[in-house]
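Trainee: Could you walk me through this one and show me how each label is earned?
Mentor: Happily! Let's have it in front of us and put the values beside their cut-offs.

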Amino acid sequence: MGEASVKTLETRTDLSSPPVTEVEARPGGQRTLVSRLRAPRRPRIWFEVLLIAVSYWTYSLIRNAVPEQKAVALANADWLWGVERSLGIAVEQSVNHAIDSVTWLIVGMNYYYATLHFVVTIGVLVWIYRFHPGRYAATRLVLFATTGVALVGYYLYPLAPPRLMNGQQFIDTVLKHHTWGSMASGNLKQMSNQYAAMPSMHIGWSLWCGLTIFAVASAPWARILGLLYPTATLVVIVATANHFWLDAVGGMLCLAFGFTVSRAWFGSLPHRLPRHPEPAGPHPATELLNRFRR
């Protein structure tokens, strides 16, 4: 009897005295504009498709608008190649020639380089959007910040890929095997800045995909595949002579910047946020548009 009374009192106490959050403790219980913008909310498909399309178009426009400083890019490539040789990690040419000798393998890598960079990245975005909506905005911000800072690298440090170096005998595998494995080779080379190899966004994006899958997926096989994907991408960018090893390091640094920005804005790494967002009311931007319509 006594225990039942105590439990009843405890239950009543819990129900009548809910915890007071920092937001509710503010005068009027209102969230600030910044806190509302930072709150994870359920994404809207039309907005995300539009945002990604416009962002990629802007990224391509800016990347290709960077002046093609051929002489500087080639000089930087020679210097970077010299640094790698002094460090004993200049194995790109050996990998390039070895894998090029296996026709089916190098042709497959050409198509890998051309397609998976986009297909897997979009696939991961869709997966997070569908099954982890509470983490979507933070995960997307990592990708956007990573790509944004890469544009600074393209402008400040023009770099020729190994296949365009003079006198180093690298093989442009796309030209040799007549595949469309690179926007910067063959008939498509006029559509892309060929001297924007540093940092490598093939590594930045693939590592973003891999870490996102590893951190969020529950199936062990999926987590393993997540880690294998950027590893395979690293081999591909070197084998096709599109990047140096150190370009990959640049892509990793850009990704670290992206995670830092996302954590600073949302207060947590993406995978630590709730899988499903709590109701946060209308987005401030939506409210602003509604005011103009009135």
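Mentor: One term to start with: a helix here is a DSSP run of H or I at least four residues long, and helices are numbered from the N terminus. Keep in mind, too, that this is a predicted model.

Trainee: How many helices and strands does the protein have?
Mentor: There are 13 helices and zero strands. Along the sequence the pattern therefore reads α-α-α-α-α-α-α-α-α-α-α-α-α, with a helix being such a DSSP run.

Trainee: Where does A241 sit, and what is unusual about its phi?
Mentor: A241 is in the loop between α11 and α12. Its phi is near 60°, a positive value in a residue other than glycine. Most residues other than glycine have a negative phi, which is why a positive one gets flagged.

Trainee: Is A241 buried or exposed?
Mentor: Buried means under 20% relative accessible area, and A241 has 0%, so it counts as buried.

Trainee: Which other residue has a positive phi, and is that residue buried or exposed?
Mentor: Q169, with a phi of about 65° although it is not a glycine. Q169 lies in the loop between α8 and α9. The cut-off for exposed is over 50%; Q169 has 60%, so it is exposed.

Trainee: What joins M198 and P199?
Mentor: A cis peptide bond, with omega about 0°. Most peptide bonds are trans, so a cis one deserves a second look. P199 is found in the loop between α9 (173-177) and α10.

Trainee: What makes a set of residues a nonpolar core?
Mentor: The members must be buried nonpolar residues from a fixed list, joined through side-chain atoms within 4.5 Å. The largest such core here has 33 residues, of which M109, V124, Y154, M201, W208 and I237 touch the most other members. At least two residues of this core come from each of α7 (103-131), α8 (133-156), α10 (201-216), α11 (220-239) and α12 (245-266). Another core, of 15 residues, lies apart from it and includes L80, W81, F170 and A241.

Trainee: Why is the Y112 and Y229 pair called tilted?
Mentor: Two rings pair if their centres lie within 6.5 Å, and these are 6.3 Å apart. Their planes differ by 40°, which is neither under 30 nor over 60 degrees, so the pair is tilted. Y112 is in helix α7 and Y229 in helix α11, 117 residues apart, so the pair links distant parts of the chain. Y112 and Y229 are both buried.

Trainee: And what makes F118 and W205 edge-to-face?
Mentor: The centres are 6.4 Å apart, inside the 6.5 Å limit, and the planes meet at 80°, over the 60 needed, so the pair is edge-to-face. This pair also links distant parts of the chain, with F118 in helix α7 and W205 in helix α10, 87 residues apart.

Trainee: How do you know whether F118 and W205 are buried, partly exposed or exposed?
Mentor: W205 has a relative accessible area of 7%, under the 20% limit, so it is buried. F118 has 30%, between 20% and 50%, so it is partly exposed.

Trainee: How many aromatic pairs are there by this rule?
Mentor: The count comes to five. W81, F170 and F244 form one aromatic cluster.

Trainee: How do you know that the charge of R223 sits over the ring of F214?
Mentor: The distance limit is 6 Å from the ring centre, with the charge within 35 degrees of the ring normal. The charged end of R223 is 4.2 Å from the centre of the F214 ring. R140 also lies over a ring face, that of F144, at 6.0 Å from the centre.

Trainee: What surrounds R140, and why is it called buried?
Mentor: R140 lies in helix α8. Leaving out residues up to four places away in sequence, R140 touches F47, E48, L51 and L125. At 15% relative accessibility, R140 falls under 20%, so it counts as buried.

Trainee: Last one: why are α10 and α11 called roughly antiparallel?
Mentor: Their axes are 7 Å apart and the angle is about 170°. Over 145 degrees counts as roughly antiparallel, so α10 and α11 qualify. Residues making the contact include H202, I203 and F214 of α10, and A222, R223 and I237 of α11.

Key: Residues are numbered from 1 along each chain as its sequence is written. This is a predicted model: local features need pLDDT of at least 70, side-chain atom pairs count only at pLDDT 80 or more; totals for chains, interfaces and linings use all residues. Side-chain values use heavy atoms; hydrogens and water are left out. Buried means under 20% relative accessible area, exposed over 50%, partly exposed in between (1.4 Å probe, protein chains only). Rings of Phe, Tyr and Trp (its six-membered ring) pair if their centres lie within 6.5 Å; planes under 30 degrees apart count as stacked, over 60 as edge-to-face and the rest as tilted. Axes are lines fitted to C-alpha atoms, for helices over the stretch in contact, and angles run from 0 to 180 degrees between N-to-C directions. Angles under 35 degrees count as roughly parallel, over 145 as roughly antiparallel, 65 to 115 as roughly perpendicular and the rest as oblique. Contact means heavy atoms within 4.5 Å.
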